[in-house]
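Trainee: Could you take a close look at one helix with me and tell me how it sits among its neighbours?

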Amino acid sequence: MDCRHCASPLDRPGDYCLVCRSRNADTAVLELDRERATVTAIADGEVVGARTITTTPEEGGEDGVIELRNFAGLIADDVRRKRPEEVYVTGDREVVDAVRGQLHYPFYRVEGDDPVERVIERRGEPALEVVDTAPEEKLGGSHSTLVGGREGQRAIRTAAAHPHVKKVIPGPIDAGGSGSRTGVRAKATRADEHGNVRLLIRDGSSVQENRIVTTAGDRELGEHVRADLNDALAEADLRD
């Protein structure tokens, strides 16, 4: 493929042109399985290239850590070559987390049998507003007490750090639940019609329902934010 702007040859379809400093792909879609990943480059609603990367998983230990890191590194390198404006991702959470750790892009979740087609279909829809505010400044409401002490605060900060979260409003603590669970656990619930979700934090028999106000305007976009929040909670070892 040649550059769409200056016709210089590109090493891979969709690569950023180093001659005229122009993008040849505005979007990257990552379909990530544990043994196989596909990076699809899209420009102006059309697929301009797709590259498949494979690995042979190692079973645990240091070899497994190195293998996964190297696999994620190859995927991340292919995305960096494109310098896209947006990155959509679906697939194995372990691989998603490993790639996320090597890329300085916000990841947008995409679902469906054909993630690439779903992203193309959504082209032109308004993008979610990014809230460039420190997590601690997003905390509001009249309830200042958080269940779970430091771990509860960590769950709140994890949610507040999401770029599409505008405000976290703590609710009252209900101490009448079951005490069978140990440790602090958290989960984002199904989005409402306005795209907002609830963050449930449990600590033993105590439960706190916190309102998460997002920049999503409807349930569908709110579900993407919810999935991202639950992934972040799982990564922080807080997922219920």
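Mentor: The cover over the buried residues of helix 4 includes strand 6 (165–169), strand 8 (184–188), strand 9 (197–203), strand 10 (206–214) and helix 5 (219–235). Before going on: this is a predicted model, where local features need pLDDT of at least 70, side-chain atom pairs count only at pLDDT 80 or more, and totals for chains, interfaces and linings use all residues. Residues are numbered from 1 along each chain as its sequence is written, and side-chain values use heavy atoms, with hydrogens and water left out.

Helices here are DSSP runs (H or I, at least four residues), strands likewise (E, at least two), numbered from the N terminus. Inside helix 4, the buried residues (under 20% relative accessible area, 1.4 Å probe, protein chains only) are Gly152, Ala155, Ile156, Thr158, Ala159 and Ala160. Keep in mind that an α-helix has 3.6 residues a turn, so residues three or four places apart point the same way.

How about the length? Helix 4 covers residues 149–160, and its 12 residues should span 16 Å at 1.5 Å a residue; the end C-alpha atoms lie 17 Å apart, which agrees. The expected span is 1.5 Å times one less than the number of residues.

Helix 5, part of that cover, also packs with helix 2 (residues 93–100), at an angle of about 85° and with the axes 11 Å apart. Axes are lines fitted to C-alpha atoms over the stretch in contact, with angles from 0 to 180 degrees between N-to-C directions. So helix 2 is roughly perpendicular to helix 5 (65 to 115 degrees). Arg93, Asp97 and Arg100 of helix 2 make the contact (heavy atoms within 4.5 Å) with Asp231, Ala234 and Glu235 of helix 5.

Terms used: Buried < 20%, exposed > 50% of the residue type's maximum accessible area, 1.4 Å probe, protein only. Parallel < 35°, antiparallel > 145°, perpendicular 65-115°, else oblique.
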